[in-house]
Amino acid sequence: MIELTRAEARRVAVRAQLLGADRPGDLLEVVRHLFAVDVDAVRAVAPSQELVMWSRLGPAYAQGDLADALDTPALVELRGQVRAAEDIALYREEMARWPGTGALQPWQEHSAEWVEANDACRRDLLSRIADAGPTPARDLPDSCAVPWRSSGWSNAKNVVRLLDFMEARGEIAVAGHVKGRDRLWDLAERVYPDEPPVPLQEARAERGARRLRALGVARRGGPANPGEAMDLGEAGEACTVEGLRGRWRVDPAYLDQPLEPRVALLSPLDRLVFDRERMTDLFGFDYQLEMYKPAAKRRWGYYALPVLVGDRLIGKLDATADPKAGLLRVTALHEDEPFGDDVRGEVDAEIEALAAFLGLDRDDEPAR
């Protein structure tokens, strides 16, 4: 059993997420290594996927580079995540067995029954997409016999929900976006590479290994994610982390590797902090994404960016991009602990770099 201190586990996690001073070489290297980059449309500062790429590549990354790469055969989007196109082979067998194998959960049974009840609409959508090519959901008619019922945002959004299920079944795929937002749908065979699917058990094992490679160290199970199960299976080696419970796994390739520290401003959806329980356990970091809270109840801001210094998360940047005014408005830099002059200078330089990346001038708002 490998025994890690929390400091050792943090360094493994930071190295695995490509957040050390030795930056990766290019965009494709980042996507392949991270295995999945979550796509999010919120633009309070910049879309999450843009922040993830910039925080790794720095000045080598320009806004829109990821979107441009998605227009090439090298990358694809699957269930709200950017992936290397060759990795789709790890999902094709599972798509063919949708909604799942073995004993199904009630939600899986409900989804399958709803799709079957609307089979005529599904076939109509396939026919229209086959004839028209890449098509946004708003241009497709709703002929569903049974409406989709949900307590969430998708209630009665029949076409959108059916397209999501058709993507999960491997029938259609995202072929692009309209002005960076609405997805364009096309037949999967015209988007995904024509490679044989990896057998299911082999694919699941490889996906677990790739997740652990991107995380470095994590509990075997992770938080629910609509695009990707987070179970690591038997990837890597079993380990303990000082003072923490649970079944942890570590990728031994990262052990005994030095970490050259640097400062990074992270997306709230960055995989270093996405699993909030793991984040709290390893980094002792108190953080929530507060965009869904009333303004009066926010401690750090609508879309505060976690501040990473070396292997420590030590603050939050409350900033908002205002492209019309040409400004990055900096409302507050929250210090979880006093930064000190050197750290404050490095963080300040990274804020300047963020403004430059966004093509905006920095505007520090008066303290309230």
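**Note on a two-domain predicted model**

1. Polar contacts across the domain boundary come first. Between domain 1 and domain 2 there are 7 residue pairs in polar contact, both residues at pLDDT 80 or more. On the side of domain 1 that touches domain 2, helix 9 (residues 200-215) gives the largest share, with 7 residues. By class, that side of domain 1 has 7 charged, 3 polar and 2 nonpolar residues. Keep in mind that this is a predicted model.

2. Next, the division itself. Domain 1 is made of two segments, 2-25 and 201-364. Domain 2 covers 73-199. The centres of the two domains, taken over C-alpha atoms, are 30 Å apart.

3. The extent of the interface follows. Contact involves 12 residues of domain 1 and 10 residues of domain 2. Together the domains bury about 950 Å². Carbon and sulfur atoms account for 38% of that area.

4. Which salt bridge can be named between Asp 87 and an arginine? The partner is Arg 210, with the closest N and O atoms 3.0 Å apart. Asp 87 falls within the bounds of domain 2 and Arg 210 within those of domain 1. Across the interface of domain 1 and domain 2, the count is 3 salt bridges.

5. How many salt bridges does the rule find in total? The count comes to 33. Three further pairs are worth inspecting, and they are taken in turn below.

6. Look at Arg 123 and Asp 119. Their salt bridge has its closest N and O atoms 2.7 Å apart. Both residues lie in helix 7 (residues 119-132). They are 4 residues apart, about one turn of the helix. Is Arg 123 buried or exposed? Arg 123 counts as exposed, because its relative accessibility is 51% and the cut-off for exposed is over 50%. Asp 119 has 18% relative accessibility and so counts as buried. The pairing therefore joins an exposed arginine to a buried aspartate.

7. The same two residues belong to a network. Salt bridges that share partners join Asp 119, Arg 122, Arg 123, Arg 169 and Glu 171. View these five side chains as one group.

8. Now Glu 234 and Arg 220. Their side chains meet in a salt bridge at 2.9 Å, N to O. Both sit in the loop between strand 8 (217-219) and strand 9 (237-241), 14 residues apart. Glu 234 is exposed, with a relative accessible area of 56%. Arg 220 is buried, at 18%. The cut-off for buried is under 20%, so Arg 220 qualifies.

9. The third pair is Lys 316 and Asp 336. Their salt bridge spans 2.9 Å, N to O. Lys 316 is in strand 13 (residues 312-322). Asp 336 is in the loop between strand 14 (327-335) and helix 12 (341-358). The two are 20 residues apart, and the pair links distant parts of the chain. Is Lys 316 buried or exposed? Lys 316 counts as buried, at 1% relative accessibility. Asp 336 is partly exposed, with a relative accessible area of 38%.

10. Backbone geometry deserves a check. Most residues other than glycine have a negative phi, and most peptide bonds are trans. Where is the cis peptide bond? The cis bond joins Trp 98 and Pro 99, with omega about 10 degrees. Pro 99 lies in the loop between helix 5 (92-96) and helix 6 (106-117).

11. Two residues other than glycine to check have positive phi. Leu 18 has phi near 60 degrees. Leu 18 sits in the loop between helix 1 (6-16) and helix 2 (27-34), and is buried, with a relative accessible area of 14%. Asp 256 has phi near 65 degrees. Its place is the loop between strand 10 (248-250) and strand 11 (263-265). Asp 256 is exposed, with a relative accessible area of 81%.

12. Last, Thr 135 in strand 5 (residues 135-136). Thr 135 counts as buried, at 9% relative accessibility. What does the side chain of Thr 135 reach? The target is the backbone oxygen of Gly 133, at 2.5 Å. Leaving out residues up to four places away in sequence, Thr 135 touches Leu 140, Arg 183, Leu 184 and Trp 185.

Conventions
Residues numbered from 1 in each chain as written. Predicted model: local features only at pLDDT ≥ 70, side-chain atom pairs only at ≥ 80, totals over all residues. Heavy atoms only, no water. Domains from an automatic or database assignment. Contact = heavy atoms within 4.5 Å. Buried area = accessible area lost by both parts, 1.4 Å probe. Salt bridge = Lys/Arg side-chain N within 4 Å of Asp/Glu carboxyl O. Polar contact = N/O pair within 3.5 Å; in protein donor to acceptor, adjacent residues only side chain to side chain. Nonpolar A, V, L, I, M, F, W, Y, C, P; charged D, E, K, R; others polar. Buried < 20%, exposed > 50% of the residue type's maximum accessible area, 1.4 Å probe, protein only.
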